[in-house]
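Here are some short exercises to try with the sequence and the 3D view side by side. Have a go at each task before you read its solution.

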Amino acid sequence: MSANSREAVVDAETDWSTLPGRLVVLSGASGVGKSTLVHRLIDRAGGKVRRSISATTRAPREGETPGVDYDFVTAEVFEALRGDLLESAEVHGARYGTPAGPVREALAAGLCVILVIDVQGGLQVRRKVPNALLVFVQAPSLEALERRLRERGTDDDAAIARRLANARREIEASKGYDVQLVNDDLEACVAALIATLAEHQCTGGSDRD
């Protein structure tokens, strides 16, 4: 990549549609298994796929690694980042956002970049990057989702009720998404996600039409 092309990449006015990589939004209710799906996807797809790291003001959950799962920041730091966020949203009382610069650079390198964000953030991305691929993952039922949330053991009854209410809203809003997957069987869902991305020139070889 030449110095001039790199300057174009980091320019906030860059036309996203001109970049050779593919931007993918993966959304779904809390507890549906998005992070596990993406970890399995990246393991199988190799260096062609990269997950974008979102910034959030919430505290890390048990097992989460700063800089790997999220960039955990203060509210003050988050506000300072707002000028270069591809999308941002408030979910369950915490703020989340995707820094645009690293995403532009990865797309310029021809990578498939996965944004694991909520539906309101995904629809913001669609407005800014019309050719982004939006994928929504559902549990087989709300009852199954509630069971997964309880088995996770990180929320009390009130928090679970809020997450289920939010899940209903996200399912309704996800009608604007391109692809719907059901995470009933993890391996089958990973295979379906890989097939979807391959269909959209996002995994496999390095050539793109």
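A residue counts as buried when its relative accessible area is under 20%. Keep in mind that this is a predicted model.

**Exercise 1. Decide whether tyrosine 70 and tyrosine 96 are buried or exposed.**

Step 1. Take tyrosine 70, whose relative accessible area is 13%. The cut-off for buried is under 20%, so tyrosine 70 is buried.

Step 2. Do the same for tyrosine 96, with a relative accessibility of 17%. Because that value also falls under 20%, tyrosine 96 counts as buried.

**Exercise 2. Find the aromatic pairs that involve tyrosine 70, and classify them.**

Step 1. Searching the whole structure gives three aromatic pairs.

Step 2. One of them joins tyrosine 70 to phenylalanine 72, with 5.9 Å from centre to centre and 55 degrees between the planes. Pairs under 30 degrees are stacked, those over 60 are edge-to-face, and the rest are tilted, so this pair is tilted.

Step 3. Tyrosine 70 also pairs with tyrosine 96, at 5.8 Å centre to centre and 65 degrees between the planes. An angle over 60 degrees makes this pair edge-to-face.

Step 4. Now locate the partners in the chain. Tyrosine 70 sits in the loop between strand E3 (55-56) and strand E4 (71-72), while tyrosine 96 belongs to strand E6 (residues 94-99). They are 26 residues apart, and the pair links distant parts of the chain.

Step 5. Put the rings together: Tyr70, Phe72 and Tyr96 make up one aromatic cluster. Arginine 51 lies over the face of tyrosine 70, 6.0 Å from the ring centre.

**Exercise 3. Work out the order of the strands in the four-stranded open sheet, and describe how they pair.**

Step 1. The order is E4-E3-E6-E5, and the pairing is mixed.

Step 2. Look for strands that pair on one side only: these edge strands are E4 and strand E5 (85-91).

Step 3. Compare the pairings. E3 and E4 run in the parallel sense, over two bridges, and threonine 56 has phenylalanine 72 as its bridge partner in E4. E5 and E6 pair in the antiparallel sense over six bridges; here serine 88 is matched with glycine 97 in E6.

Step 4. Check the turn. The hairpin of E5 and E6 has two residues between the strands, and histidine 92 there takes a positive phi near 55 degrees.

Step 5. Ask how covered E5 is: six of its seven residues are buried.

**Exercise 4. Identify the largest nonpolar core and the contacts of leucine 193.**

Step 1. In soluble globular proteins, nonpolar side chains tend to be buried together.

Step 2. The largest nonpolar core here holds 28 residues, and those with the most contacts inside it are Val24, Ile114, Val135, Leu193 and Leu197. Among the elements giving two or more residues to this core are strand E1 (22-28), strand E8 (133-138) and helix H8 (186-199).

Step 3. Leaving out residues up to four places away in sequence, leucine 193 touches Leu26, Leu37, Leu41, Val135 and Leu181.

Step 4. There is also a second, separate core of 21 residues, including Leu107, Val113, Ile117 and Phe136.

Key
Residues are numbered from 1 along each chain as its sequence is written. This is a predicted model: local features need pLDDT of at least 70, side-chain atom pairs count only at pLDDT 80 or more; totals for chains, interfaces and linings use all residues. Side-chain values use heavy atoms; hydrogens and water are left out. Rings of Phe, Tyr and Trp (its six-membered ring) pair if their centres lie within 6.5 Å; planes under 30 degrees apart count as stacked, over 60 as edge-to-face and the rest as tilted. Buried means under 20% relative accessible area, exposed over 50%, partly exposed in between (1.4 Å probe, protein chains only). A charge sits over a ring if NZ of Lys or CZ of Arg is within 6 Å of the ring centre and within 35 degrees of the ring normal. Two strands pair if DSSP finds at least two bridges between them. A nonpolar core is a set of buried Ala, Val, Leu, Ile, Met, Phe, Trp, Tyr and Cys residues joined through side-chain atoms within 4.5 Å. Contact means heavy atoms within 4.5 Å.
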